[in-house]
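User: I have a model open and want to learn how to read its packing. Can you take me through it feature by feature?

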Amino acid sequence: MKFERYDISEKIKQSIVELGFNKPTDIQFKAIPSILKGEDVLAIAQTGTGKTAAFAIPIIHKLLRRNKNYNQNAIRCLVMVPTRELAEQVTKVFKQFAKYTDLIVLSMYGGVGQAEQVEELEFGVDILVTTPGRMFDLRAQGHIDISETEILVLDEADHMLALGFIRDIRDVVHHLPRKHQTLFFSATINEEIKDLAYSLVVNPIRIQISPKDPVSKNVTHALAYIEMDDKRFFLERIIKENSDKKILVFVRTKVRAERVQKAMERVGIETLAMHGGIEQENRFDILEKFRNGECNVLIATDLNARGIDISGIKIVINYDLPDVAENYVHRVGRTGRGIEKGEAISFCAEEEKSLVKEIEEFMHKEITIMPINKSEYTLTKVLAEKVDTNWQKLVSDAEKQEAEWQKKNKKKNKKK
Ligand code: ADP
Ligand code: MG
């Protein structure tokens, strides 16, 4: 089945062609017809399977059939997502598919001025993409009319649950018209998510894509035993050998991210870093630089492991193994997206070996061990260290020069 054979507006088909989508992914194939029919949908599909288009395409088609009597200011479709970055991303996807229509898509999230956002609402918005927190505020203040909302989407519902947004979500749902269509999308499922889902949907169509295999089959997995202090040498080597590829490096903490970034800087590798210490206004910039290839290496913490869709990430490196096995899945899910292929490489130090078992159990799959023989291991270290010492010498020479220069300057100033 190709997209061209779907019973959807030509306007949408045109943008699908422009995006280069040919065939629907599994989740799209299963979800689109039910959504078009107006059924509630409960969909579980691992990350990277194309969930956004699975709801965006049929929603746009449905909203094109405008009901003349509706209130101009009422929001017709409300999409809730866990983070601001995702709000931007999902909005972009909606805008792409709605390019040849006159539907208005808007994203709203905390951390940016509310006044401007409220002003935009007054012009009338068809599809609003927002985080539950901001939605709660806006609705409570009476800025948002959801009394005529036809469709509610909960995207990355598992993540929203983890972030504690349940009450905000319930509050919003309480104010929707009794009859509305609910589309519930999640990458993982457990009892708590099921409870939430079933409290929101009515007789849903349940779609689950390969639940036994939480990672896309497009990703290959490899693991190398590398001591903690040697990891940077191997990272340097991989980056240099793949300088044309987009690489995402995961570390455990903000401090580690900064440290790895410095270590790479010392050997002449420019990287971007993304962690809890980065201000919101800089986050979009950083992601954009990585997206558009201005810089090909991003060092991130798990904070950014979920949902983010940047096409063309060829390699995900687990510089540190994740503490929680599930996060491995979210991390490596940043590569091999849609129909692309990807590679995941994990650096495992002695003290991290127990985590590997947990990850393998979670994935129902073993990770191939990348053999690094002793001589290669030493070579990588020696080569890197050589550059490193040269650098250190350069830096210390520069520092000495600077100190001398300052001394001289002081003397001069005194004379004056
Ligand atoms: P998910 O929400 O399931 O994690 P996304 O909706 O972010 O996944 O989509 C992942 C990637 O797959 C995106 O880059 C998207 O453009 C691409 N993609 C989605 N559907 C298709 C398709 N039918 N054909 C080709 N690429 C697709
Ligand atoms: Mg998604």
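Analyst: Start with a helix contact. Ile27, Gln28, Ala31, Ile32, Ile35 and Leu36 in H2 meet Lys51, Ala53, Ala54, Phe55, Pro58, His61 and Lys62 in H3. By class, this contact of H2 with H3 has nine nonpolar, two polar and two charged residues. Keep in mind that this is a predicted model.

User: Which numbers describe how two such helices pack?

Analyst: Two packed helices are described by the angle between their axes and the distance between the axes. Here helix H2 (residues 26–37) and H3 pack at an angle of about 25°, with their axes 9 Å apart. Angles under 35 degrees count as roughly parallel. H2 and H3 are therefore roughly parallel to each other. The crossing in which H2 passes H3 is right-handed.

User: At what angle do the axes of H3 and H4 cross?

Analyst: Roughly 45°, for helix H3 (residues 51–64) and helix H4 (residues 84–97), with the axes coming within 10 Å. H3 and H4 are therefore oblique to each other. H3 also passes H4 in a right-handed crossing.

User: Which residues make the contact between H3 and H4?

Analyst: On the H3 side, Thr52, Ala53, Phe55, Ala56, Ile57, Ile59 and Ile60. They meet Val90, Val93, Phe94 and Phe97 in H4. The contact of H3 with H4 divides into 10 nonpolar residues, one polar and no charged. Ala53 and Phe55 are worth finding in the viewer: they are listed in the contact with H2 and in the contact with H4.

User: How do H8 and H9 lie to each other, roughly parallel or roughly perpendicular?

Analyst: Read the angle first. The axes of helix H8 (residues 166–174) and helix H9 (residues 191–200) come within 12 Å and cross at roughly 10°. That makes H8 roughly parallel to H9. Ile166, Ile169, Arg170 and Val173 in H8 meet Leu196, Ser199 and Leu200 in H9. Those residues divide into five nonpolar, one polar and one charged.

User: Now the sheets. What is the strand order in the sheet that holds S1?

Analyst: For a sheet, read the order, then the direction of pairing, then the edges. This open sheet of seven strands has the order S3-S4-S2-S5-S6-S1-S7, and its pairing is parallel. S3 and strand S7 (205–208) stand at the edges with a single partner strand each, so one side of each is left without a neighbour in the sheet. On average, neighbouring strands are turned by 10° against each other, direction ignored.

User: How many bridges join S5 to S6?

Analyst: Four, between strand S5 (residues 151–154) and strand S6 (residues 181–186), which run parallel. To find the register, look at Val153: it stands opposite Leu183 in S6.

User: Which helix lies across S2, S3 and S4?

Analyst: Helix H6 (residues 132–140). It runs at about 120° to S4 (127–130).

User: What is the strand order in the sheet that holds S8?

Analyst: Seven strands form an open sheet in the order S10-S11-S9-S12-S13-S8-S14, again with parallel pairing. Its edge strands, S10 (272–274) and S14 (368–369), each pair on one side only. Inspect S9 (residues 246–250) and S12 (residues 313–318): five bridges join them, and they run parallel. Lys246 stands opposite Ile313 in S12.

User: How many aromatic pairs does the structure hold?

Analyst: Seven. For each, read the centre distance and the angle between planes. One of them is Tyr109 with Phe284: 5.9 Å centre to centre and 50° between the planes, a tilted pair. Tyr109 lies in the loop between strand S3 (105–108) and helix H5 (114–122), and Phe284 in helix H12 (residues 280–291), so the pair ties together parts that are 175 residues apart in sequence.

Note on methods:
Residues are numbered from 1 along each chain as its sequence is written. Chains are lettered from A and ligands numbered from 1 in the order in which they are written. This is a predicted model: local features need pLDDT of at least 70, side-chain atom pairs count only at pLDDT 80 or more; totals for chains, interfaces and linings use all residues. Side-chain values use heavy atoms; hydrogens and water are left out. Axes are lines fitted to C-alpha atoms, for helices over the stretch in contact, and angles run from 0 to 180 degrees between N-to-C directions. Helices (H or I, at least four residues) and strands (E, at least two) are DSSP runs, numbered from the N terminus. Angles under 35 degrees count as roughly parallel, over 145 as roughly antiparallel, 65 to 115 as roughly perpendicular and the rest as oblique. A crossing is left-handed if the near helix is turned anticlockwise from the far one by less than a right angle, and right-handed if clockwise. Contact means heavy atoms within 4.5 Å. Ala, Val, Leu, Ile, Met, Phe, Trp, Tyr, Cys and Pro count as nonpolar, Asp, Glu, Lys and Arg as charged, and the others, Gly among them, as polar. Two strands pair if DSSP finds at least two bridges between them. Rings of Phe, Tyr and Trp (its six-membered ring) pair if their centres lie within 6.5 Å; planes under 30 degrees apart count as stacked, over 60 as edge-to-face and the rest as tilted.
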